[in-house]
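Subject: Handing over the structure

Dear colleague,

I am passing on the structure we spoke about, so that you can look through it at your own pace. Please open it alongside this message, since the notes below are meant to be read with it.

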Amino acid sequence: MSTTDAPKKPRETDDVPVPATLRKSLKNRHIQLIALGGAIGTGLFYGSSESIALAGPSILLAYLVGGLAIFAIVRALSEMSVEDPKAGAFSYYATRYWSKRAGFISGWNYWFNYILVSMVELSVVGSFVNYWFPAIPTWVSAAVFLVIICAANLLGVSKFGEFEFWFAIIKIVAVIAMIIGGLAVIIFVLPTASGVRASFANWFTVGNGFFPNGLMGQNSDGSWTGLLMALVVVMFSFGGTELIGITAGETEDPKTTIPRATNDIIWRILVFYIGALGVIMAVVPWNTIDGKSSPFVQIFDSVGIHAAAGILNFVCLTAVMSVYNSGLYANSRMLYSLAKQGNAPAYLGKLNAKGVPVAGVLTSAAITAIAVVVVFVWPEFAFNYLMSIATIAGIINWTMIMFTEMKFRKVVAAGGAPEDSELAGLSGQEALDAIHFKLPFAKVTPWVVLAFLALVVVLMCFSTSYRIAVIAGVIWLAILFAAYQLTQAKK
C-alpha cells in the first residue's frame, strides 16, 4: 500500500472523533484575546467610578501598583503552566507540588468563586437587555443567555476560544475608540459640557489636585477614602487574568503562547486601565464622575455624542456574556481536574468525543442557575453574603498560587520535575536555571506579593462594604477545611 493510501492520523480538533482527551485546540490568537478580555469587564466600564471617587487622579498609581502585583501572580502561575501544562492549573499544581488538601481547597474555592461571579453577571444581564426591550422579564434574559453560553461550551474548546476572541474584540474596540475620541477632544481643544477645558493638566488642577484624598483619610460620615482604600476596588477589577493558566492544558504551543500572553499583561494594564482612565479624567473633571452613569458614557456625552449610552450598553452586554463564558469554561475544567485528583466525584472527570467535560459544564451551569434564582428571590442576601465570599475567594486564590509556586521550585530543585518536562533528570540550581519561563526575582517576589495581598485584606477591614468579606473568608476557609476532612473520612 502506498503512503498516499495509508490511513492518516486524525487531527486533534473538536470535529474529528479521536480518543476522549482534552484537545489542544486553542491557538495563539485565542490565548492573547482570552487573556486580554479577562482584564476588561464591567468593572472597568462602570466600577471605575467608585475607584475614581476614592482616590481621584491618583487612582492611576493604584492601577499601576495593583497591575504589577497581578502581573507577578500570573507570572508565577505561568512558570508552572509552561513546564507542566494541565487542565485545572493551580488546583492541579497545588495537589502535585503542595498537598492533596491544598489542591482540594484551591480547586473548590476557585470553582465556587466563579459560580458566584457568574451568578451576578447573569442576574444583571436582564438590565442591559431591558435598555432596548423593557417588557422582557429579567429572568428570561438570564435563562436565555445561560442556555446559549452552555451550548457554546459543549461544542468544543476551539468554539469557546472563538466566542471569547470576538467578545474581547468588541471590548477592546470600545476602549480604544474612547481613548482616541478623548485624545481628539484634548488635541483639538473641543468644547465640553462641563465648561472645563480638556487637558491632562486637569489631573493636578481640578478638585484639590492629584492626591485629593491623600493616602488614606476619614470622611465626616466615618467612611475611609484615599489611594490605599482604592487599592481594594482596583484589585478585584483584575479578577480573571489568571484564566491564562486554566487554558494551558488545551493550548497548541504553551511554551510559546503562555509566556507571550503573560508578558503582554503589563501593556494591557497601561493602555486599557491607566490610559483609558487617564484620558477620561483629562476630559471629564474627576470630581463630576458620580457613578450615576459610566465614565465612558460621560466622556462622549461631554462632547455631544449621546448615542454612547446605547453603544456602551451593547459592549457591557457582551462583557457579561464573556465573563460567564469564561467562568463556565474554567469551572468545567476545574471540576475535571478535581475529579482526576480524587477531590470530586468521578463522573466529572469524563470527556465526550470532542474532549469536553460535559458533566462539568452541565453541573456548573445547573448550580449557577440555582444561584441566579437565589439572587432574584433574596437579592439582599445574595449580594451581601454570597458576593462577600466571591470577593475574598479571589484573594485566597492568588495567595495559594504564590505559595504553590514556591513549593513547585522546591520540588524541581529536589529533582521532582514532571517526567515529560525538559527539567526531568535535573536537580538543584541546575534545574531551577533550566526553567523555561522564570518568575523574576523568584526568591523575593512571592513574599512581596503575599505582603501586598495581606495589606489589601487589612484595608478591606476599614470598609463597611468589604469588612463582611473578610469575616466570610475565614468562615469559607473553615468550611473548605471541614469538607476536605469529611471527604477523607468517608474514604
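What follows is a short account of the aromatic residues, one helix and the enclosed space.

Please keep in mind throughout that this is a predicted model.

I began with the aromatic rings, and a search of the whole structure gives 23 aromatic pairs. In one of them, the ring centres of Phe210 and Phe211 lie 5.2 Å apart with the planes at 75°, so this pair is edge-to-face. The two partners are not equally covered, because Phe210, at 16% relative accessibility, counts as buried, whereas Phe211, with a relative accessible area of 41%, is partly exposed. A second pair is made by Phe238 and Tyr273, whose ring centres are 5.1 Å apart and whose planes stand at 65°, so that this pair, too, is edge-to-face. Phe238 sits in the loop between helix 10 (227-237) and helix 11 (243-247), while Tyr273 belongs to helix 13 (residues 265-283), and the pair therefore ties together parts that are 35 residues apart in sequence. Both Phe238 and Tyr273 are buried.

Phe210 and Phe211 also belong to one aromatic cluster, in which they are joined by Phe200, Trp203 and Phe204. Elsewhere, a charged residue meets a ring: Arg75 lies over the face of Phe437, at 3.9 Å from the ring centre.

Turning to a single helix, you may wish to look at helix 5 (residues 90-97), which is mostly covered, with six of its eight residues buried. The buried residues of helix 5 are Phe90, Ser91, Tyr92, Tyr93, Ala94 and Tyr97.

Lastly, there is the question of enclosed space, and here the structure holds one cavity of 30 Å³ or more. The largest cavity contains about 30 Å³ of space. Which residues line the largest cavity? Its lining is made up of Leu122, Val125, Phe145, Ile149, Val320, Met321 and Tyr324, and these divide into seven nonpolar residues, with no polar and no charged ones. At least two residues of this lining come from each of helix 6 (100-129), helix 7 (138-154) and helix 15 (308-341), and helix 15 gives the most, with three residues.

With best wishes

Technical notes
Residues numbered from 1 in each chain as written. Predicted model: local features only at pLDDT ≥ 70, side-chain atom pairs only at ≥ 80, totals over all residues. Heavy atoms only, no water. Phe/Tyr/Trp six-rings, centres within 6.5 Å; stacked < 30°, edge-to-face > 60°. Buried < 20%, exposed > 50% of the residue type's maximum accessible area, 1.4 Å probe, protein only. Helix = DSSP H or I, 4+ residues; strand = E, 2+ residues; numbered from the N terminus. Lys NZ or Arg CZ within 6 Å of the ring centre and 35° of its normal. 1 Å grid on protein atoms, 1.4 Å probe; cavity = no way out; pocket = protein on both sides within 12 Å on 5 of 7 lines; lining within 4 Å. Points joined across faces, edges and corners; volume = space filled by probe spheres on them. Nonpolar A, V, L, I, M, F, W, Y, C, P; charged D, E, K, R; others polar.
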